[in-house]
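The following questions and answers are intended for a reader meeting this structure for the first time.

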Amino acid sequence: MALKKDYEDIPGTLVFDADRGREGYHLNQFCISLRLQKNRDAFNADEGAYLDRYPMTAEQRQAVVDRDWNRLLELGGNIYYTSKLGANDGITFQQLAGLMTGMGNEAYRKMMVEGGRSPEGNRYQHEWDEEGET
Amino acid sequence: MARITAGVGCSHVPAIGAAMDLGKTGEPYWAPCFAGFEKSREWIKEADPDVVFLVYNDHCTVFDASFIPTFALGCAAEFAPADEGWGPRPVPVVRNHQVMASHVAQSLILDEFDITIMNEMEVDHGLTVPLSLMFGNLGVDDEWPCLVIPLCVNVVQYPAPTGNRCYNLGKAIRRAVESFDEDLNVVIFGTGGMSHQLQYKRAGLINKEWDIQFMDRLTSDPVGLSQTPHVEYLREAGSEGVELVMWHIMRGALDDEVEEVHRHYHVPASNTAVGHIILANKKDLGVSI
Ligand SMILES: [Fe+2]
């Protein structure tokens, strides 16, 4: 019997569970390798050759090449791993959030300084769906 | 014997470490965040712990995806700050009370907590940021003023250990500490949180009301609080807010009766609500060994 995933109805959120961990394994192992300078140097010298070392899917590889931060998460990446790719590119956690939310850096930073994103209307997927209909 | 006299709850946001390392703490953005730790630094100087038992999580820095221990106890002689992609933080190497750590490891396993023993380990911002917040700016040539036993908890891959499990682990840590013969004053840190979501389209979630009830109930209803289901953290405090389970380990290691010595709450540090609390066992207030 399958385990019940009671966290799947949270909008705009991908919980990094064992299934995502399995799907994203090689992608995440690639990302974490970039925390070391020698690997950052090798990756930046020749991205394609470096990516060949990691047997990730073609989709995952393309998302890396495109720096498609949301797609990376949808394909099993975890933010703590993808942030290592961000760091390689000189992008901080907050700048990544600006990209993933589609708000851009300035608007996102302003929202945080003003107290962050409210939980009101952001707890359940149906709240976002209804928002989209109106 | 060794005794746990107080507990510290504390966020461990990496940007806080960066702000300290880059000398930005006086800037308008950061000043209110750091102001709340001035009293804490005085308090810990007074409390003068011999050992800090520091509960934190690694952020896919030292532990890659190839092995994911739920509880990993640092038993090495020392722990160097790790390179997280921006170069290692310029802070002192963390030194362990290695004899006590191996005693704790043995005691916990016999107490049915099957922890992983780490004889080689670097440490990331999860461990070094709380030390910097509590002990101030120290450079690579300085020493932290006490020994540190790290306990690393998986909160990255779902599921983290339950709050109930964490609370009970705190009790087992207390039994382990109290069965160690050396007269030592131990302060336990539970780190991480508070509400924050770093990922995907809902990034930036902050829930002040929920965070405040969490801090209130550490004193008034710690057992009830430890029963909070994971989905509530994820929904109410953001996907990374589940780090707060580590505060239950700290709380479980204290007496049932504690007094709140200090509290600080500030939004934001980067993407995160900064929460900080100091709880002292009522019978240990003002007492040092
Ligand atoms: Fe953390």
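The turns below concern a predicted model and treat one strand of chain B, then the contact with chain A.

Q: Is strand β1 of chain B mostly covered or mostly exposed?
A: Strand β1(B) spans residues 3–10. A residue counts as buried when its relative accessible area is under 20%. By that cut-off, 8 of the 8 residues of β1(B) are buried, and the strand is mostly covered.

Q: In which sense does β1(B) pair with strand β10 of chain B?
A: Strand β10(B) covers residues 272–281 and shares 5 bridges with β1(B). Within this pairing, A6(B) stands opposite A280(B). The sense of the pairing is antiparallel.

Q: Which residue of β8(B) is the bridge partner of G7(B)?
A: Strand β8(B), residues 185–191, pairs with β1(B) in the parallel sense over 7 bridges. In β8(B), the partner of G7(B) is I188(B).

Q: What area is buried between chain B and chain A?
A: The contact involves 44 residues from chain B and 50 residues from chain A. Carbon and sulfur atoms give 58% of the buried area. The area itself is about 4,100 Å².

Q: Which residue of chain A meets E122(B) in a salt bridge?
A: Between chain B and chain A there are 4 salt bridges. In one of them, the N to O distance is 3.7 Å, and the cut-off is 4 Å. The partner of E122(B) there is R35(A).

Q: Which element gives the largest share of the side of chain B that touches chain A?
A: Two or more residues come from each of α9(B), 230–237, and β9(B), 258–269. The largest share, 4 residues, comes from α9(B).

Methods
Residues numbered from 1 in each chain as written. Chains lettered and ligands numbered in written order. Predicted model: local features only at pLDDT ≥ 70, side-chain atom pairs only at ≥ 80, totals over all residues. Heavy atoms only, no water. Buried < 20%, exposed > 50% of the residue type's maximum accessible area, 1.4 Å probe, protein only. Pairing = 2+ DSSP bridges. Contact = heavy atoms within 4.5 Å. Buried area = accessible area lost by both parts, 1.4 Å probe. Salt bridge = Lys/Arg side-chain N within 4 Å of Asp/Glu carboxyl O.
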